[in-house]
Amino acid sequence: MTNSANENSGLQDRLINRRSLLTVAGAGTAVLASRRVSFGQDATPEASPIASPMASPAASPVASPVASGPEMIGNLRVVRDQRPVYDSDPVRGGTIRLARVGAANQEFNPVAFQQDFQIPVSYLDPLIWIDGISMAPQPWLAESWAVSDDGLRIRYTLREDVLWHDGTQLTAEDVAFSFEVYRDDWNSGAYNLFTNMTTTEVTDKFNLLVNLSAPDGNWIRNASSQLIFQKAQLNDFWTSQPAGSRTLSGFDWLTTPPIGTGPWKVVDFRQSRVDFRAFREYWGNSPWATEMRCDFPADDAALLAAWHDDKADLVWPVKFTDLATISDRAGTVYAAESARVMFAAFNFNNPTRIDPNVFGSQDVRNALAMAVDRERYGREVFGSFARTDLVGTIIQPDLYLDGLVNPGFDPEGAKALLKKAGFADLRGDGIMRYSDDSALKFDVIVRTGDDPQLEAVLQSLVADFRQAGIVLEVRPLSGDRFDAIWLDEHSFDMIAFSYSVYPGFSDFDLYGSDWDVNSNVNGFNPGGYHNEAVDRAIGRALVATNDDDYRSALHAIQRAVGRDDLFGLWFGSPDELVLAQSNVAGFRANKPWQTQESAKLWIAND
């Protein structure tokens with residue numbers, strides 16, 4: 001037995017920026033909230049329910065997508081199919097060159113998330129695979145799992161044919177060690193997913209039992225989908241440190257390069273580049289290419305130049321508005337559906353407003369939702385590469401409530417609702433006003449520079465709202481000022497965020513009354529949203545032990561925050577644009593990380 005009882009109760013007092021973990025664990029660019037959130041044993045945002053064993057997702061590559069009447073942007077061919085079919089067979093050999101904007105990548109501590117996520121996801125494997133389209137959990141290193149009726153025990157059975165890059169066999173000891181480090185490493189970016197874990201029991205070489213202090217409806221989706229690393233390589237360094245202050249940060253990776261079970265082996269690394277070689281003993285389908293190189297240019301301009309100058313085969317994410325600058329060169333743009341959400345939450349108690357409780361009126365909130373021309377910003381900001389109809393932050397396809405969509409743009413309908421709420425066009429100038437003749441005016445704050453696309457969406461609302469008789473002020477703020485206003489002063493009408501979601505539900509603190517930032521210093525609920533039915537549903541979701549109960553609770557949350565008791569303005573989910581050279585084939589969209597399936601890429605023959 002491996003006893004993993006928490007070695008340091010002070011871990012519960014550690015602070016973590018939860019939204020920063022959402023960034024590294026999700027795909028693409030995210031806007032981060034800076035509130036430092038502490039998670040205790042009774043409030044864990046983990047992963048989800050039971051899945052029956054099934055065949056591992058097949059890597060069935062087959063080189064340019066087959067389509068009739070291709071969509072083009074200049075010389076760039078657009079592929080919207082999430083699983084494109086290629087018209088030639090895959091080719092073995094060559095080098096795949098990936099590029100992403102990044103900084104120093106020499107700290108390989110797999111739980112610290114200080115590297116670009118492309119690096120660990122290339123040489124390490126997860127215990128549970130998150131399907132790239134549905135985001136549902138599937139067998140991977142664990143060929144099966146089961147959750148006890150009370151939700152307190154999870155049993156995993158591992159594949160027996162998985163080898164580490166040094167030729168040794170993956171065992172349950174490696175999984176137990178990885179889980180313990182995720183929870184106990186003082187530099188862990190995912191410890192909040194593991195705070196409910198009390199002990200792990202290695203029952204035999206390929207079976208592991210995890211014991212929880214309380215049921216965790218998200219354990220399978222979130223905690224179990226983290227990457228697994230080798231105990232033999234890291235245990236001596238780990239145990240050489242005092243219990244309670246251990247970390248894998250600082251391990252000598254130069255002397256002992258990182259070992260994984262993934263399709264790629266790390267063979268060399270430096271500050272702005274990591275080189276991989278195909279692991280031909282991989283238990284699944286080994287890479288078509290022989291080598292993969294990951295470069296990390298300094299900024300977006302350098303990223304685009306790397307592709308345009310044929311120094312990179314695949315780059316992402318790329319903004320739609322940048323495509324015209326490089327569309328003189330032939331290539332492929334994959335419109336990959338993302339796990340990113342964009343929204344502006346209502347502030348239900350702005351102390352600086354004459355009417356601080358204006359959002360208490362559902363008619364007012366519905367009017368604002370109807371005053372958003374989503375089709376326009378979808379076209380102008382995203383080039384129609386966005387799903388603007390999606391509502392809420394539970395957008396995982398297998399969890400989303402079918403039929404729940406944003407309203408269409410209806411400024412006259414919005415005016416009618418505002419009149420019902422007591423506002424009127426007193427001057428005949430089209431502006432709805434209070435009875436004292438003051439204009440109906442709102443502001444929305446956003447952290448400047450984090451997500452230019454979000455800022456562009458907000459700016460587009462100014463003209464939309466004007467058609468509905470509403471004055472809107474968009475306030476891009478520096479990080480410090482943004483934090484001061486939403487965390488301490490609370491002086492805003494709406495607050496905008498953009499980030500990537502976990503495979504399982506993790507936004508309990510966004511909607512839950514207990515996390516009201518006005519009263520809880522560790523809270524995230526930015527506008528003081530209170531809904532007892534939502535609170536109850538959150539409680540049910542977090543302790544669900546089966547899929548039916550889990551989805552039922554999440555659907556109840558979605559109905560409330562997206563329709564019955566509108567939480568904010570939902571802007572949908574933008575696609576992530578992945579730019580590839582014309583001779584690169586085999587790309588498969590992956591919501592958690594778009595180039596996670598890099599082993600399926602190949603260089604097509606001319």
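A nonpolar core is a set of buried Ala, Val, Leu, Ile, Met, Phe, Trp, Tyr and Cys residues joined through side-chain atoms within 4.5 Å. With that in hand, welcome to this structure, which is a predicted model.

**Two cores**

The largest nonpolar core holds 88 residues, and within this core M494 and L569 touch the most other members. Leaving aside residues up to four places away in sequence, L569 is in contact with M342, F343, A344, F346, L368, A369, V372, L461, F465 and M494. There is also a second, separate core; its 85 residues include Y86, V162, W164 and M292. As general background, nonpolar side chains in soluble globular proteins tend to be buried together.

**Aromatic rings**

Searching the whole structure turns up 42 aromatic pairs. One of them is Y86 with W602: the planes of these rings stand at 65° and their centres are 5.7 Å apart, so the pair is edge-to-face. This pair connects distant parts of the chain, 516 residues apart, with Y86 in the loop between β2 (76-79) and β3 (95-99) and W602 in strand β25 (residues 602-603). Y86 counts as buried because its relative accessibility is 6%, and W602 is buried too, at 0%.

Another pair is F343 with W570, and here the angle of 50° between the planes, with centres 5.4 Å apart, makes the pair tilted. Again distant parts of the chain are linked: F343 belongs to strand β17 (residues 340-346) and W570 to strand β22 (residues 568-574), 227 residues apart. Both of these residues, F343 and W570, are buried.

Two arginines also lie over the faces of tryptophan rings, as the table shows.

| Arginine | Ring | Distance from ring centre |
|---|---|---|
| R100 | W316 | 4.3 Å |
| R329 | W307 | 5.7 Å |

**A six-stranded sheet**

Strands β17 and β22 appear again in an open sheet of six strands, ordered β18-β22-β17-β21-β19-β20, with mixed pairing. At its edges are β18 (386-387) and β20 (471-477), each of which pairs on one side only. Further in, strand β19 (residues 441-447) and strand β21 (residues 494-500) run parallel and are joined by two bridges. I445 has I495 in β21 as its bridge partner.

What packs on the sheet, touching β19, β20 and β21? Helix α11 (residues 479-489) does, and its direction makes about 130° with that of β19.

Terms used: Residues numbered from 1 in each chain as written. Predicted model: local features only at pLDDT ≥ 70, side-chain atom pairs only at ≥ 80, totals over all residues. Heavy atoms only, no water. Phe/Tyr/Trp six-rings, centres within 6.5 Å; stacked < 30°, edge-to-face > 60°. Helix = DSSP H or I, 4+ residues; strand = E, 2+ residues; numbered from the N terminus. Buried < 20%, exposed > 50% of the residue type's maximum accessible area, 1.4 Å probe, protein only. Lys NZ or Arg CZ within 6 Å of the ring centre and 35° of its normal. Contact = heavy atoms within 4.5 Å. Pairing = 2+ DSSP bridges. Axes fitted to C-alpha atoms, helices over the stretch in contact; angles between N-to-C directions.
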